[in-house]
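Trainee: Please take me closely through one part of this model and what surrounds it. I would like to see how that part fits with the rest, without speculation.

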Amino acid sequence: MIGSQNNRIWTNRIKTNQYVTHCPLTHCLQLAKLISMNTLEQLGRRIREKRHFLNLSQEKLAEKCDFDRTYISLLERGKRNPSYKNLLKLAKGLCISISELTVGLE
């Protein structure tokens with residue numbers, strides 16, 4: 001009886017958006033988002049460094065990869081999560097392999 005009463009209280013707290021931060025699932029999702037954002041920012045920094053090394057503007061890299069310049073900007077700031085297909089295009093545009101682009105990312 002006590003277990004079912006606790007489950008009801010837990011469910012009611014989640015449904016009413018009270019104490020949501022105590023929900024293990026919410027905590028895991030927030031942690032995953034932080035890890036993901038950190039990885040995307042690392043990838044973005046690597047893209048920018050390689051682009052600068054090649055003396056390419058965002059416009060020139062976007063043209064080589066068949067992307068819009070704003071997409072390159074979003075990638076470099078860690079705001080977009082590129083698909084595998086786009087990683088292939090990006091690596092080709094930067095004259096490196098995907099493994100070189102992503103090695104050591106957490």
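Mentor: A residue is called buried when its relative accessible area is under 20% and exposed when that area is over 50%, with partly exposed in between. Cys-95, at a relative accessible area of 57%, is therefore exposed. Please keep in mind that this is a predicted model.

The part I will take is helix 4, but the chain as a whole comes before it. There are six helices and zero strands, and along the sequence the pattern reads α-α-α-α-α-α. The chain has 106 residues, of which 28% count as buried. Among contacts between residues at least 6 apart in sequence, 53% join residues at least 24 apart.

Now to helix 4 itself. This helix covers residues 69-76, and its buried residues are Tyr-71, Ile-72, Ser-73, Leu-75 and Glu-76. How do helix 3 and helix 4 cross? Helix 3 spans residues 58-65, and its axis comes within 8 Å of the axis of helix 4, with a crossing angle of roughly 110 degrees. That angle is why helix 3 counts as roughly perpendicular to helix 4. On the helix 3 side, the contact is made by Gln-58, Glu-59, Leu-61 and Ala-62; on the helix 4 side, by Arg-69, Ile-72, Ser-73 and Glu-76. By residue type, this contact of helix 3 with helix 4 divides into three nonpolar, two polar and three charged residues.

Glu-76 is one of the residues in that contact, and its place is in helix 4. Is Glu-76 buried or exposed? Its relative accessibility is 2%, so Glu-76 counts as buried. Leaving out residues up to four places away in sequence, Glu-76 touches Gly-44, Arg-45, Ile-47, Arg-48, Arg-51 and Gln-58.

Tyr-71 of helix 4 brings in the aromatic side chains. The count of aromatic pairs comes to one. In that pair, the ring centres of Phe-67 and Tyr-71 are 4.9 Å apart and the ring planes stand at 70 degrees; because a plane angle over 60 degrees is the cut-off, the pair is edge-to-face. Phe-67 has a relative accessible area of 14% and is therefore buried. Tyr-71, at 11% relative accessibility, counts as buried too.

Phe-67 also leads into the nonpolar core. The largest such core has 17 residues, and Ile-47, Leu-61, Phe-67, Ile-72, Leu-90, Leu-94 and Leu-101 are those with the most contacts inside it. At least two residues of this core come from each of helix 2 (24-53), helix 3, helix 4, helix 5 (84-93) and helix 6 (98-102). As a general tendency, nonpolar side chains in soluble globular proteins are buried together.

From the core, take Leu-90, which lies in helix 5. Its relative accessible area is 0%, so Leu-90 is buried. Which residues does Leu-90 touch, not counting residues up to four places away in sequence? They are Ile-47, Leu-61, Cys-65, Phe-67, Ile-72, Leu-75 and Leu-101. Of these, Ile-72 and Leu-75 are buried residues of helix 4. Leu-101 is eleven residues from Leu-90 along the chain, and their C-alpha atoms are separated by 9.0 Å.

Next, the end of helix 4. Gly-78 comes just after this helix and takes a positive phi of about 75 degrees. It belongs to the loop between helix 4 and helix 5. With a relative accessible area of 0%, Gly-78 is therefore buried. Gly-78 and Thr-39 are 39 residues apart in sequence, while their C-alpha atoms are 8.0 Å apart in space.

Two further loops deserve a look for their backbone angles. Most residues other than glycine have a negative phi. Asn-55, which is not a glycine, has a positive phi of about 55 degrees. This residue sits in the loop between helix 2 and helix 3, and at 70% relative accessibility Asn-55 counts as exposed. Cys-95 is not a glycine either, and its phi is positive at about 60 degrees. The loop that holds Cys-95 runs between helix 5 and helix 6. Where Gly-78 is buried, Asn-55 is exposed and Cys-95 is exposed.

Notes: Residues are numbered from 1 along each chain as its sequence is written. This is a predicted model: local features need pLDDT of at least 70, side-chain atom pairs count only at pLDDT 80 or more; totals for chains, interfaces and linings use all residues. Side-chain values use heavy atoms; hydrogens and water are left out. Buried means under 20% relative accessible area, exposed over 50%, partly exposed in between (1.4 Å probe, protein chains only). Helices (H or I, at least four residues) and strands (E, at least two) are DSSP runs, numbered from the N terminus. Axes are lines fitted to C-alpha atoms, for helices over the stretch in contact, and angles run from 0 to 180 degrees between N-to-C directions. Angles under 35 degrees count as roughly parallel, over 145 as roughly antiparallel, 65 to 115 as roughly perpendicular and the rest as oblique. Contact means heavy atoms within 4.5 Å. Ala, Val, Leu, Ile, Met, Phe, Trp, Tyr, Cys and Pro count as nonpolar, Asp, Glu, Lys and Arg as charged, and the others, Gly among them, as polar. Rings of Phe, Tyr and Trp (its six-membered ring) pair if their centres lie within 6.5 Å; planes under 30 degrees apart count as stacked, over 60 as edge-to-face and the rest as tilted. A nonpolar core is a set of buried Ala, Val, Leu, Ile, Met, Phe, Trp, Tyr and Cys residues joined through side-chain atoms within 4.5 Å.
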